[in-house]
Each structure stands twice: as C-alpha cells, then as structure tokens.
Amino acid sequence: MMRGSTTVFTVKNVMESLAYYHDKIGFDVAFEYGEPTFYVGLCSGEVTLHLISAGQTPRQPGHGAVSILVDDVDAVYADLVKRGAKVLKEPKDYDYGLRDFDVADLDGNMIFFGMESKKTS
C-alpha cells in the first residue's frame, strides 16, 4: 500500500533555492545534508519537497513539476505574490474541476497550486 510521496527537484544552487522556497513560497526547512550542503528537505503542512544539486545527479535542473492541493487557492496566491514568488498566472477555474495557478522556482521547476473549483457548470 502506498502512503505518500516526496517530489525531488534538481536545482543549480541548493542554498539559493532553499532560500527561495523558504522566503518566497513559505516552506520550512526540514533538513540539510552534505558538506557542503547538496540535498535539502522542505515541508509545509503535509507537503514535503526535496532539492538536490545538479552536480549530484544526472537529472537536469528545471524539468520538474508538482501539483499541490490547498484549502484556499486565492489566499495562497495573494501570499505568494506578496512574498515575491515567481507567479506565472492568476488563479482561474478550469473545466477539469480545479481552480489553480502556476509558480516557477529559480530553475524553472513548476509548482501548481490548486483546489476544487467552486464554479458550477
């Protein structure tokens, strides 16, 4: 039985990315690993996200994506705009049943924040 998962994004500079995720997106730092640090764990609520330095993996930075479900997408959007996150579009209701918006990290990894749409057809 599957019980959870963690997305791992490849980034060019782990410490700059850690600061971005903490300061601009609001994640807490769960751990840092390596001397110098090349792997970090982040968390917010029940969501975990890990970052690995591009020098430690064959995966290229900026090719990852994750969708995070939230209670109030408009409140999250307002908070991330205020924090200075790289928000790519405003929240919108879509026919697939979600209201969501997109954010990019420093390397172009994508984070989609969404909630069930309240819009009725």
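## Briefing: one chain, two helices, nine strands

Let's start with a single side chain: Phe 31 is partly exposed, at 32% relative accessibility. Phe 31 belongs to strand E2, in a model that is predicted. The chain as a whole holds two helices and nine strands, and its radius of gyration of 15 Å agrees with the value near 14 Å for a compact globule of 121 residues. From there, we can look at the fold, the aromatic rings, the prolines and a few residues worth a visit.

**Overall fold**

- In sequence order, the elements follow the pattern β-α-β-β-β-β-α-β-β-β-β.
- Along the principal axes, the C-alpha atoms occupy a box of roughly 55 × 40 × 25 Å.
- Of the contacts with a separation of 6 or more, 51% are made by residues 24 or more positions apart.
- Of the 121 residues, 38% are buried.

**Surface and charge**

- About 7600 Å² of the chain is exposed, and carbon and sulfur atoms supply 50% of that area.
- The chain carries 12 positive and 18 negative side chains.
- The centres of these two charge sets are 4 Å apart.

**Aromatic rings**

- How many aromatic pairs does a search of the whole structure find? The search turns up eight aromatic pairs.
- One of them joins Tyr 21 and Phe 27 in an edge-to-face arrangement, with 6.0 Å from centre to centre and 70° between the planes. The angle counts as edge-to-face because it is over 60 degrees.
- Is Tyr 21 buried or exposed? Tyr 21 is buried, as its relative accessible area is 0%.
- Its partner Phe 27 is buried too, at 4% relative accessibility.
- Another pair, Tyr 94 with Tyr 96, is stacked, with centres 5.1 Å apart and 0° between the planes. The cut-off for stacked rings is under 30 degrees, so this pair qualifies.
- Tyr 96 counts as exposed, at 54% relative accessibility.
- Ring pairs also connect Phe 9, Tyr 20, Tyr 21 and Phe 27 into a cluster.

**Two prolines in loops**

- Which residues does the cis peptide bond join? The cis bond links Glu 35 to Pro 36, with omega at about -5°.
- For context, most peptide bonds are trans.
- Pro 36 sits in the loop that runs between strand E2 (28-33) and strand E3 (39-44).
- Pro 91 has its place in the loop between strand E6 (86-87) and strand E7 (92-93).
- Pro 91 counts as buried at 13% relative accessibility, because the limit for buried is under 20%.
- Beyond its neighbours within four places in sequence, Pro 91 is in contact with Val 73, Asp 74, Tyr 77, Arg 99, Asp 100 and Phe 101.
- With Asp 74, the C-alpha to C-alpha distance of Pro 91 is 6.6 Å, across 17 residues of sequence.

**Phe 31 and strand E2**

- Back to the residue that opened this briefing: setting aside residues up to four places away in sequence, Phe 31 touches Tyr 39, Val 40, Gly 41 and His 50.
- Phe 31 and His 50 are 19 residues apart along the chain, and their C-alpha atoms are separated by 9.4 Å.

**Arg 83 in helix H2**

- Where does Arg 83 lie? Arg 83 is part of helix H2, which covers residues 73-83.
- Arg 83 is partly exposed, with 31% relative accessibility.
- Leaving out neighbours within four places in sequence, the contacts of Arg 83 are His 22, Asp 23, Lys 24, Ile 25 and Gly 26.
- Leu 106 is 23 residues from Arg 83 along the chain, and the C-alpha atoms of the two are 14 Å apart.

**Gly 64 in a loop**

- Gly 64 lies in the loop between strand E4 (47-53) and strand E5 (65-69).
- Which residues is Gly 64 in contact with, leaving aside its neighbours within four places in sequence? They are Phe 9, Asn 109 and Met 110.
- Phe 9 also appears in the ring cluster with Tyr 20, Tyr 21 and Phe 27.
- Gly 64 and Val 11 are 53 residues apart in sequence, with 9.6 Å between their C-alpha atoms.

Note on methods:
Residues are numbered from 1 along each chain as its sequence is written. This is a predicted model: local features need pLDDT of at least 70, side-chain atom pairs count only at pLDDT 80 or more; totals for chains, interfaces and linings use all residues. Side-chain values use heavy atoms; hydrogens and water are left out. Rings of Phe, Tyr and Trp (its six-membered ring) pair if their centres lie within 6.5 Å; planes under 30 degrees apart count as stacked, over 60 as edge-to-face and the rest as tilted. Buried means under 20% relative accessible area, exposed over 50%, partly exposed in between (1.4 Å probe, protein chains only). Helices (H or I, at least four residues) and strands (E, at least two) are DSSP runs, numbered from the N terminus. The radius of gyration is taken over C-alpha atoms; the globule rule is 2.2 Å times the number of residues to the power 0.38. Contact means heavy atoms within 4.5 Å. Accessible areas come from the Shrake-Rupley method with a 1.4 Å probe; for residues, only the protein chains shown count as cover. Lys and Arg count as positive and Asp and Glu as negative; His and the chain ends are not counted. The place of a charge is taken as NZ of Lys, CZ of Arg, CG of Asp or CD of Glu.
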